[in-house]
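Open the model in your viewer and keep the sequence panel visible. This tour says what to select at each stop and what is there.

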Amino acid sequence: MFFFFNNDMATTIKGNVGEWSEVYVLFRLLAQGKMNVADDNLNAIPEEFYKILAIIREETATTNNYVREDDMVSVEVTNKRTGDVERFSMPIIKFADEANLLLNEIQTKIKIHTSAVRFLSELKITSVQRGAGAKRDITIKIEDFHCGMAQTLGFSIKSFLGADSSLFNAGPGTNFVFKVKLPSDMTIDVDAFNRETYGNNKRLSSRIIKLINDYKAEITFDSVQSNCFYQNLRTIDGDMPYLLSQLLLIRFYNQVTDVNSCVKILTENNPLGFDIENHGEVYEYKIKRFLQDCSLGMVPERPWTGRYDATGGQIIVKEDGDVLCYHIYELNRFLDYLFNNTKFETASTSEDENNPGYPRTNPKKKYFFGWLFEDNGMLYIKLNLQIRFK
């Protein structure tokens, strides 16, 4: 827990590494006054940057504007209920000092950011946590170097200061359900199969491989567990639920995690029968669309209409603290970056180690996937979708 005092009242600020990284971005951008543009290898492009004019934060009770003016940041805090406005200024050097201190603490895994909490209090910021499901982590008024115009845009933030950042989070609804059909002369003891394969370090892969190679099973996509997520995927592309199901099978059968490597195999398999000779990148294009929408607004359990919350693009915090961005103008660079720097991740299956093939009692995450099961005389297996930056 992190504490600061405001109006003589103790208030608690909590945050994980990703949320404190967003605070770091706020401090750093206001300090340096510009946001560098990244190439598709996450390197800054010389002479390409957006000038930072202001950063806007929506707090619970106030709207806070932080405007760069010479060597000062002018702060305007508007009470949402009364309309009253409080104005004051802070020296830019203070933002630079706090950014450096906070970066060092995050990198060295110091969890109590006393100075940053105190500075947030001075800036009238009451929380580092954003709204659930929101992709817009920061709202910035920039000067566009392409045309010289000022624009106010939302950006999502991905940080590499802690563990690998997640692009698409797992949940119970992100399970893909597969039918498992055995040859007519083949039978299987489901409980014995789950017990025998549980001890393998890569048991999901071992189960898929064993079903296909040893039992000659036909594993076919049946459904997505969440209807909302299924409809969201169809909104992006009518083939998307099926394509992601095939990528999950490739991921586990071929034991490959990189998204781009799995898509290469998908292209070779060509399950939709495209003219690959003339349209060889069609699968890559479709999956890039999915990655783009995940990055800029789509979440599983909220109906997706294609309207981006992060209207500007994405900000990346590198391990060394460098802050770069992919503006929506640099869409091809952004898509290439997503495609080449993401991997499939496996969440906790919630399987009972003492009774393989059945869920644990009261697990923290109730995803319940990865084992063979029978329902109404049919065999099924569930695989869960999660994508993380690598």
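In which sense do E8 and strand E9 pair, and over how many bridges? Select residues 150–159 for E9 and residues 138–143 for E8. E8 and E9 pair in the antiparallel sense over 6 bridges. Strands pair here if DSSP finds at least two bridges between them. Helices (H or I, at least four residues) and strands (E, at least two) are DSSP runs, numbered from the N terminus.

Before going on, note that this is a predicted model, in which local features need pLDDT of at least 70, side-chain atom pairs count only at pLDDT 80 or more, and totals for chains, interfaces and linings use all residues. Residues are numbered from 1 along each chain as its sequence is written, and side-chain values use heavy atoms, with hydrogens and water left out.

**Stop 1: around E8**

Stay with E8 and pick Ile 140, whose bridge partner in E9 is Leu 153. Then go to Gly 148: the hairpin of E8 and E9 has 6 residues between the strands, and Gly 148 there has a positive phi near 80°. Now add strand E4, residues 44–58, which pairs with E8 in the antiparallel sense over 5 bridges. Across from Thr 139 in E8 stands Ile 56.

**Stop 2: Thr 63**

Select Thr 63, which is found in strand E5 (residues 62–69). Its contacts (heavy atoms within 4.5 Å) include Ile 56, the residue seen at the previous stop, and Glu 58. This list does not count residues up to four places away in sequence, and Val 77 and Lys 80 are also among its members. Show the side chains of Thr 63 and Glu 58: they make a polar contact at 2.8 Å. A polar contact is a pair of N or O atoms within 3.5 Å; within protein, one must be able to donate a hydrogen and the other to accept it, and residues adjacent in sequence count only if both atoms are side-chain atoms.

**Stop 3: a sheet of 3 strands**

Next, display E10, E18 and E15, which form an open sheet in the order E10-E18-E15 with antiparallel pairing. Strand E10 (166–168) and strand E15 (342–344) are at the edges with a single partner strand each, so one side of each has no neighbour in the sheet. On average, neighbouring strands of this sheet are turned by 35° against each other, direction ignored. E15 pairs with strand E18 (residues 387–389) over 3 bridges, and Lys 343 stands opposite Arg 388 in E18.

Add helix H9, residues 282–296, which lies across E10, E15 and E18 and runs at about 115° to E10. Axes are lines fitted to C-alpha atoms, for helices over the stretch in contact, and angles run from 0 to 180 degrees between N-to-C directions.

**Stop 4: helix H7**

Select residues 240–253 for helix H7. Is H7 mostly covered or mostly uncovered? H7 is mostly covered, with 12 of its 14 residues buried (under 20% relative accessible area, with a 1.4 Å probe and protein chains only). One of the buried residues is Ile 250, with a relative accessible area of 6%. Ile 250 is in contact with Cys 262, Ile 265 and Leu 266, among others, leaving aside neighbours within four places in sequence. Gln 255, which is also on that list, follows H7 and has a positive phi near 55°.

**Last stop: the whole chain**

Zoom out: the chain has 10 helices and 18 strands, and 51% of its 390 residues are buried.

Key
Expected span 1.5 Å × (residues − 1). Buried < 20%, exposed > 50% of the residue type's maximum accessible area, 1.4 Å probe, protein only.
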